[in-house]
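Please look at the sequence and the structure together before reading on. The paragraphs below then lead through them step by step.

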Amino acid sequence: MEQLMRFKATNYRIEDIHLFRDITEENRKLIADIVKDCLVVKACAGQVVLDANSAGAKLFIVLRGALGVTRLTEQSNQLENTITQFLPGECVGEISVLDEEIHSATISAISDSELLLIEAETLWRLIDESNGVARNLLQLLSFRIRAANAQIRSRQKVGEFYRQLSMVDGLTGLHNRAWLNAQLPGMVQHAHATAAALSIIMVDLDHFKRFNDEHGHLLGDDALQTAAKVLNAGLRPSDFAARYGGEEMMVILPGANHKSALGVAQRLCNRLGKTKVFIDRHKPLPHITGSFGVATLSDEQDSNALISCADAALYRAKANGRNQVAS
Ligand SMILES: Nc1nc2c(ncn2[C@@H]2O[C@H](COP(=O)(O)OP(=O)(O)OP(=O)(O)O)[C@@H](O)[C@H]2O)c(=O)[nH]1
């Protein structure tokens, strides 16, 4: 950065600098005396003032122009965008001066700017000699901490949103396989720990390949969505339905013993067989049916063993003629 002149040779006023605000007249004179020989430098628009990952023992106070926290694009090293701005009176770089660590962000000039450069040694002297400067600096740090916390919270919310999104099957709106893999082992563990019952139902649509072949993949998708709605609508809030893969779905019934799980499966099987799939399309299409395999958690069984049991039951339901429940 180009060195312009000493602070004492400029017309900038001490009282316009936030770090030196609300300070007694006497103290202000002392501060003016300390900073009078500090350099004023020029940063041209786009020029990096503080480089993330480099250590810095300097504080910059914006006298004219504006600085911004910037993201550098990986390929071109170009400034991508400006997230936070620093306007005349505000300072940057204070945290790295205080903790002697590297800068946490890259800060560049948004427009041609003039900056007062205060070396670490001078800042410490200001803190030692002026309670007002120390107080202003503490206030500034509190502000920075709150701002950083708010940013972390909002990132966490966005992260949670995308996490939830990644756990939902895009076609049916049911939980997806990733959700199932993450949740079922915990449910099994909880059932063992509390000696509670847990049952699952594996559901597979019947002759779905034929359905796709005859009516097309898009109508096949519609049929899958309808089946998912039937499952979801027939469950209590404490139960779960997930798409296991392809045209296979799974229902999880925490607290349900084998008898009640068989009852739920029979109810869902009946409803699915009776549901008109394309009620609004004026095109007569066959109802879809499903085969249902029920398994109830036994002692020492883990989630994989439970799924294998439900799979075997599903196979029996298919072998016995489909559109039915087996266990
Ligand atoms: N439309 C549509 N079809 C799917 C989707 N996922 C899987 N399928 C189809 O589901 C069909 C499953 O076929 P199979 O595994 O042979 O089973 P099936 O024809 O239902 O026969 P059974 O299970 O023995 O009654 C395949 O044709 C898959 O392409 C999907 O998301 N949308």
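**Around the ligand**

Sorted by class, the residues that form the shell around the ligand comprise four nonpolar, five polar and eight charged ones. The model is a predicted one, and every distance and area in this text is to be read with that in mind. The shell counts 17 residues around the ligand, and those that come nearest are His207, Phe208, Asp221, Arg243 and Lys318. Which elements supply at least two residues each to this shell? They are strand β10 and the helices α6 (208-215) and α7 (217-233), and it is α7 that gives the most, with four residues.

Several contacts can be followed atom by atom. An oxygen atom of the ligand lies 2.6 Å from an N or O atom in the side chain of Arg243, while for the side chain of Glu247 the distance from an N or O atom to an oxygen atom of the ligand is 3.5 Å. Leu205 takes part through its backbone, where an N or O atom is found 3.1 Å from an oxygen atom of the ligand. On its own the ligand has 660 Å² of accessible area, and the protein covers 68% of it.

Arg243 also leads to another part of the chain, for its side chain makes a polar contact, at 3.2 Å, with the side chain of Asp169. This aspartate sits in the loop between α4 (131-165) and α5 (177-194). Is Asp169 buried or exposed? Its relative accessible area is 14%, and because buried means under 20%, Asp169 counts as buried.

**The open sheet**

The next step is to turn from the ligand to the strands. Five of them form an open sheet with mixed pairing, and their order is β11-β12-β10-β13-β14. At the edges stand β11 (240-245) and β14, each of which pairs on one side only.

Strand β10, which covers residues 198-205, has a partner on either hand in this order. With strand β12 (residues 248-254) it pairs in the antiparallel sense over seven bridges, and one place to find this pairing is Val203, whose bridge partner in β12 is Met249. Seven bridges also join β10 to β13, and these two strands likewise run antiparallel; here Ile201 stands opposite Val294 in β13.

Strand β13 (residues 290-296) is mostly covered, since six of its seven residues are buried. Its pairing with strand β14 (residues 325-326) is in the parallel sense and consists of two bridges, and within it Phe292 has Val325 of β14 as its bridge partner. To pass from β13 to β14, the chain crosses through helix α9 (residues 303-319), and the β-α-β crossover made in this way is left-handed.

**A residue in helix α1**

A last stop lies in helix α1 (residues 25-35), where Leu30 is found. Why does Leu30 count as partly exposed? Its relative accessibility is 29%, and the term partly exposed applies between the limits of 20% and 50%, so Leu30 belongs in that class. Leu30 also shows how the fold relates to positions along the chain: Leu30 and Glu129 are 99 residues apart along the chain, and their C-alpha atoms are separated by 8.2 Å.

Terms used. Residues are numbered from 1 along each chain as its sequence is written. This is a predicted model: local features need pLDDT of at least 70, side-chain atom pairs count only at pLDDT 80 or more; totals for chains, interfaces and linings use all residues. Side-chain values use heavy atoms; hydrogens and water are left out. Buried means under 20% relative accessible area, exposed over 50%, partly exposed in between (1.4 Å probe, protein chains only). Two strands pair if DSSP finds at least two bridges between them. A crossover is right-handed if, with the strands pointing away from the viewer, the path from the first strand over the helix to the second runs clockwise. A residue is near a molecule or strand if one of its heavy atoms lies within 4 Å of it. A polar contact is a pair of N or O atoms within 3.5 Å; within protein, one must be able to donate a hydrogen and the other to accept it, and residues adjacent in sequence count only if both atoms are side-chain atoms. Accessible areas come from the Shrake-Rupley method with a 1.4 Å probe; for residues, only the protein chains shown count as cover. Ala, Val, Leu, Ile, Met, Phe, Trp, Tyr, Cys and Pro count as nonpolar, Asp, Glu, Lys and Arg as charged, and the others, Gly among them, as polar.
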